[in-house]
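Here is a short briefing on one protein structure. Keep the sequence and the model open as you read.

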Amino acid sequence: MSGDELSFVQEALNTNWVAPKGANIDNFEKEIAQITDSPFAIALNSGTAAIHLALKLLGVTQGDFVLVQSLTFCASANPVVYCGAIPVFIGSEKETWNMCPTELERALIALQSENLLSRVKAIIPVYLFGMPPKMRELMNLSKRFGIPIIEDAAEALGSTFGNRAAGSLAGLGILSFNGNKIVTTSGGGMLLTNNKAYADRCLNLATQAREDKPYYSHVEIGYNYRLSNISAGIGRGQLTSLNDRIMARRSNFLRYKLLLDRLSEQFPFRYSYQSENSDRYSNRWLSSFQFEAINQSKGILTEHIIASMRKLNIEASYIWKPLHMQEVFKDCMYFGTNHAGQLFKNGVCFPSGTNLSEHDWQYIISSLSTAIENYFTPSSSND
Ligand SMILES: *Cc1c(COP(=O)(O)O)cnc(C)c1O
């Protein structure tokens, strides 16, 4: 928490707007619209709901196909299944770990040659851990094949591509304000769009698709997906420190990188990470790195690092396991090399909170250094 949340929540209580309606929602939407330079922002009760409604706006229905980045959280693909549609998974490239344009093109050509292109309704690239995908190439393919993009920028508030905010490039995008994201409302999401008709319809679908009549009238099935005014108050309080949060996350990343630079000079391993360039700027929501021992000594270096740090109660973890490798999606098509699987096998997420103390850092640095040292020291115990 930043410290400003309580005053916005208090305002909601004082004005008796304890409902999915009220000034905090209106202002939170305005603030996010301004930060992301999006003409319309609709506050919803989760990022998952935002993806679901984005798919509804594009008319995704039974038997359609949606092309989804495989290396992501399940919430990028689950709403495709809610619509009765079929996810087709796309592999990752090495620079950003996001949807590979070459593989996307291969998938589109394959579906086209099977006369299935008319059933392909959307492409969902992800800003994994905050890093923008290769949006220029992806948007070119979107135009060439006439299939709209939904940007899953759930992890990427504050990231930019070519000076445009994450989620605002392709006309439809989503953000998440779940508890673990860079800004939270405890649970929440936002749909971003430049299309007024989409914005109006999204709001209508999120509030049970009520018709504009003096009595309750419904001609279509809607959802209860609107954000609460209390939650929006927490979000407004969080936004007052957005820049500090981005700087803290980016400085976490730099700190890990400097440590790993030093360790990789001492020990025979390579490490890599999602790279920025003149287009891509990441909020570095999670500090994630790939590890590869030059000569494997005691199994996989990544497994060793995660297990050693966890033993010391430090929350090092695996990155997302690709969705095409998940039991629930095992029957779905996958266009990609084994690169997404390699990223999963070799990837580690390190503690990345905005409130790590100097004491926390010393503990993390010494445990990571010791983990790597032990891996390469033949005499150490075989844990
Ligand atoms: C968190 C997340 C979501 C879903 O957001 P919720 O608000 O948790 O529903 C979707 N996609 C990605 C990549 C996420 O990290």
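The points below cover the ligand site, the nonpolar cores and the strand pairing.

This is a predicted model. Its ligand is surrounded by 15 residues. Its largest nonpolar core holds 55 residues. An open sheet of four strands is also present.

**Ligand site**

- The residues closest to the ligand are Gly47, Thr48, Glu155, Ser176 and Lys181.
- The side chain of Glu155 places an N or O atom 2.5 Å from an oxygen atom of the ligand.
- For Lys181, an N or O atom of the side chain is 3.3 Å from a ligand oxygen atom.
- Asn178 also has a polar side-chain atom 3.3 Å from an oxygen atom of the ligand.

**Nonpolar cores**

- In general, nonpolar side chains of soluble globular proteins tend to be buried together.
- Within the largest core, the residues that touch the most other members are Ile32, Leu67, Leu104, Leu157 and Met190.
- Two domains feed this core: domain 1 (5–241) and domain 2 (243–376) each supply at least three residues.
- A separate core of 34 residues lies apart from it, and its members include Leu57, Val68, Cys83 and Ile174.
- Which residues does Leu104 contact, leaving aside its neighbours within four places in sequence? They are Leu67, Ile90, Met99, Ile123, Leu138 and Leu141.

**The four-stranded open sheet**

- The strand order is S4-S2-S3-S14, and the pairing is parallel.
- Strands S4 (120–124) and S14 (334–335) are at the edges with a single partner strand each, so one side of each has no neighbour in the sheet.
- Strand S2 (residues 65–69) runs parallel to S4, and four bridges join the two.
- One bridge pairs Val68 with Ile124 in S4. Val68 is also a member of the 34-residue core.

**Strand S12 and its partners**

- Is strand S12 (residues 288–293) mostly covered or mostly open? It is mostly covered, with five of its six residues buried.
- Strand S10 (residues 269–272) runs antiparallel to S12, and four bridges link them.
- Tyr271 has Phe291 in S12 as its bridge partner.
- Strand S15 (residues 347–349) is also antiparallel to S12, joined by three bridges.
- Phe289 has Val348 in S15 as its bridge partner.

How values were computed: Residues are numbered from 1 along each chain as its sequence is written. This is a predicted model: local features need pLDDT of at least 70, side-chain atom pairs count only at pLDDT 80 or more; totals for chains, interfaces and linings use all residues. Side-chain values use heavy atoms; hydrogens and water are left out. A nonpolar core is a set of buried Ala, Val, Leu, Ile, Met, Phe, Trp, Tyr and Cys residues joined through side-chain atoms within 4.5 Å. Buried means under 20% relative accessible area, exposed over 50%, partly exposed in between (1.4 Å probe, protein chains only). Domain bounds come from an automatic or database domain assignment. Contact means heavy atoms within 4.5 Å. Two strands pair if DSSP finds at least two bridges between them. A residue is near a molecule or strand if one of its heavy atoms lies within 4 Å of it. A polar contact is a pair of N or O atoms within 3.5 Å; within protein, one must be able to donate a hydrogen and the other to accept it, and residues adjacent in sequence count only if both atoms are side-chain atoms.
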